[in-house]
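Please walk me through the structure below, beginning with its core and ending with its loops.

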Amino acid sequence: MNLGSKFPDYSIEDMVKFQIDFLKSKFNIIHVKGIIGNSMGGFEALTWAAKYPEYMDFFNIFSKYL
């Protein structure tokens, strides 16, 4: 099944919000030690840090292309 243009739009911020809601609802996690990401995961880690700084103790992004 090809959804094409019918596929809903979503952003990195939507994905991060889902992850936070998922961790809280399924595992009752309200704070994490750290967020680490590479490439798209790095963009997610940066979004976590910018939007939810109280949620983590640290974050780290890395790329072999820097």
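**From helix H2 to the core and the loops**

In this predicted model, a convenient place to begin is helix H2, in which Gly-42, Glu-44, Ala-45, Thr-47, Trp-48 and Ala-49 are buried. The cover over these buried residues includes helix H1, strand S1 and strand S2, the last of which runs over 56–62. H2 itself has twelve residues and spans 16 Å from its first C-alpha to its last, which is close to the 16 Å expected at 1.5 Å a residue.

Three of the buried H2 residues, Ala-45, Trp-48 and Ala-49, also belong to the largest nonpolar core, a set of twelve residues that further includes Ile-12, Met-15, Val-16, Ile-20, Val-32, Ile-35, Tyr-52, Tyr-55 and Met-56. At least two residues of this core come from each of H1 (12–27), S1 (32–38) and H2 (40–51), and H1 gives the largest share, with four residues. In soluble globular proteins, nonpolar side chains tend to be buried together. Among the core residues is Met-56, which, when its neighbours within four places in sequence are left aside, is in contact with His-31, Val-32, Lys-33, Ile-35, Trp-48 and Ala-49.

The loops call for a separate look at the backbone. Most residues other than glycine have a negative phi. Asn-28, however, which lies in the loop between H1 and S1, has a positive phi of about 55 degrees although it is not a glycine, and Asn-28 counts as exposed because its relative accessibility is 59%, where the cut-off is over 50%. Ser-39, in the loop between S1 and H2, has a positive phi of about 60 degrees, again without being a glycine, and Ser-39 is exposed, with a relative accessible area of 63%.

Methods:
Residues numbered from 1 in each chain as written. Predicted model: local features only at pLDDT ≥ 70, side-chain atom pairs only at ≥ 80, totals over all residues. Heavy atoms only, no water. Core = buried A, V, L, I, M, F, W, Y, C linked by side-chain atoms within 4.5 Å. Buried < 20%, exposed > 50% of the residue type's maximum accessible area, 1.4 Å probe, protein only. Contact = heavy atoms within 4.5 Å. Expected span 1.5 Å × (residues − 1).
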